[in-house]
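Work through these exercises with the sequence and the structure side by side. Try each task before you read its solution.

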Amino acid sequence: MSEETQIIVGTGHAGVQLAASLRELGFTGRIVLIGEETDLPYQRPPLSKGYLIGSVSADGLLLRGEKFYEDRNIELILGEAVTTIDRAAREVELQSGRRLRYDHLTLALGVRNRPLPVPGAELDGVFAVRGLADSNRLRERMDAASDLVVVGGGFIGLELAAVAAKLGKNVTVVELAPRVMARVVTPKMSEFFENAHRRRGVHIITDARVQRLEGENDHVTSVVLADGRNIAADLVLYGIGVLANSELAEAAGLEVKDGIVVDEFLATSDPAISAIGDVANHPNVQAGTPMRLESVQNAVDQARCLAARLVGKPAAYCDVPWFWSDQANLKLQMVGLPFGTDQTILRGDPEAETFSVFCFKEGRLIAVESVNRPADHMAVRTLMKLGVEIRAHQVEDPDFDLRAFTQAQRKAAAQA
């Protein structure tokens with residue numbers, strides 16, 4: 001193991017966690033971490049929230065300080081893209097022409113923003129936020145802006161809208177679907193967030209298609225909808241989904257389908273290559289179908305799972321997924337996947353902006369969505385990890401103490 005070389009392509013949460021976990025588990029060989037950006041590896045979630053508004057500093061974004069990599073003998077190659085994988089030779093070629101040999105290669109390539117496919121998208125003042133450079137440019141432009149249109153009512157779109165509204169901007173969100181966050185939350189939660197954002201001054205238009213962007217002197221001035229409505233805009237921010245960065249894997253002949261296809265151990269069709277994080281299309285135990293998950297939890301937990309396999313302790317990846325989104329003073333936390341929900345039970349008070357939606361499918365709890373109820377979120381995460389079932393009649397009972405139930409289950413598991 002001391003002579004092995006582990007090459008990790010991608011310096012997001014997944015790549016950095018894999019390098020860290022390998023050292024934690026006793027791997028003493030060479031670790032090379034390669035990233036296209038020149039900045040030290042950093043967190044992306046604050047880019048559309050805290051960093052944009054100034055509550056998170058550039059140093060606060062860093063996943064690890066420079067000394068972390070030095071102390072653990074993790075080689076960082078920044079500002080370099082991997083252009084080719086030579087599977088026969090077990091080598092990667094960098095943009096500079098440099099070639100590196102690997103014993104095992106991990107692709108933690110992440111995703112990129114789906115382009116805005118309308119005329120005028122190339123105008124000045126049209127932004128998508130994916131990386132630090134995007135967020136820096138947007139920060140520079142935000143002060144002078146008055147009218148912002150956000151195209152896309154998903155997590156990132158609503159996070160950006162909340163920041164802009166807090167800064168006193170006139171904000172309109174345009175969403176193609178009949179409700180916001182339709183791909184990831186229940187209708188009840190969509191309705192709550194639409195109303196909550198409207199109370200905070202955000203104008204939300206659903207069931208609306210952007211026809212084109214108009215501008216003057218190459219700068220955007222308005223967004224024109226398919227029904228003819230014209231919305232003034234001196235900044236347009238869009239978040240309409242992502243595309244997996246799987247081209248490198250595809251060119252190397254690996255199996256690709258909405259991401260890089262991996263098995264339950266996160267191995268690709270080449271046993272010497274694995275894929276983790278947003279780019280990995282993995283067999284998901286909760287969903288019962290292969291899928292990609294775009295979350296920090298998934299990236300970090302897959303990295304830990306893979307590190308264990310690479311040091312001889314293999315286990316299938318089966319962690320319970322969880323997510324979060326900070327929008328104004330509303331913290332949405334989700335555990336599980338609400339797909340196929342046929343019954344929802346509400347606990348708490350939406351009027352007070354603190355409640356949870358328990359999602360059941362055929363009588364089985366599959367997900368919980370919580371707003372400003374972290375105790376509910378943590379309790380259900382614990383119970384799902386333990387494999388403990390919660391029944392609808394329990395959740396419906398106002399006297400049911402979820403916290404006490406969870407503590408008892410945790411104690412019973414520890415004694416088993």
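**Exercise 1: The two annotated domains**

Task: Find how far apart the end C-alpha atoms of residues 7-303 lie, and how much of the span is helix and strand. Then do the same for residues 322-405.

Solution.
- Step 1. Keep in mind that this is a predicted model.
- Step 2. Take the span 7-303. Its end C-alpha atoms lie 13 Å apart. Helix makes up 25% and strand 29%.
- Step 3. Name the span. An unreviewed UniProt entry annotates residues 7-303 as "domain: FAD/NAD(P)-binding".
- Step 4. Move to 322-405. Here the end C-alpha atoms are 21 Å apart. The span is 26% helix and 43% strand.
- Step 5. Name this one too. The unreviewed UniProt entry gives "domain: Reductase C-terminal" for residues 322-405.

**Exercise 2: The whole protein**

Task: Decide how compact the protein is for its 416 residues.

Solution.
- Step 1. Count the elements. There are twelve helices and 26 strands.
- Step 2. Compare radii. The radius of gyration is 23 Å, close to the 22 Å from the globule rule for 416 residues, so the protein is as compact as a globular protein of that length.
- Step 3. Add the box. The C-alpha atoms fill roughly 65 × 60 × 35 Å along the principal axes.
- Step 4. Check burial. Of the 416 residues, 51% count as buried.
- Step 5. Look at contacts. Among those between residues at least 6 apart in sequence, 59% join residues at least 24 apart.

**Exercise 3: Ala307**

Task: Locate Ala307 and work out why it counts as buried or exposed.

Solution.
- Step 1. Find the element. Ala307 sits in helix 9, residues 296-310.
- Step 2. Apply the cut-off. Buried means under 20% relative accessible area. Ala307 has 0% relative accessibility, so it counts as buried.
- Step 3. List the partners. Beyond residues up to four places away in sequence, Ala307 touches Leu18, Ser21, Leu22 and Leu25.
- Step 4. Take one partner. Leu25 is 282 residues from Ala307 along the chain, yet their C-alpha atoms are separated by 7.6 Å.

**Exercise 4: Val223**

Task: Describe the surroundings of Val223 and its separation from Glu389.

Solution.
- Step 1. Place the residue. Val223 belongs to strand 14, residues 219-225.
- Step 2. Judge its burial. Relative accessibility is 0%, so Val223 counts as buried.
- Step 3. Name contacts. Leaving aside neighbours within four places in sequence, they include Val149, Val210, Leu213, Ile231 and Val236. Arg212 and Arg229 are also among them.
- Step 4. Find the separation. Val223 and Glu389 are 166 residues apart along the chain, and 48 Å separates their C-alpha atoms.

Notes. Residues are numbered from 1 along each chain as its sequence is written. This is a predicted model: local features need pLDDT of at least 70, side-chain atom pairs count only at pLDDT 80 or more; totals for chains, interfaces and linings use all residues. Side-chain values use heavy atoms; hydrogens and water are left out. UniProt positions are given in the numbering used here, feature names are shortened, and annotations may be inferred rather than shown by experiment. Helices (H or I, at least four residues) and strands (E, at least two) are DSSP runs, numbered from the N terminus. The radius of gyration is taken over C-alpha atoms; the globule rule is 2.2 Å times the number of residues to the power 0.38. Buried means under 20% relative accessible area, exposed over 50%, partly exposed in between (1.4 Å probe, protein chains only). Contact means heavy atoms within 4.5 Å.
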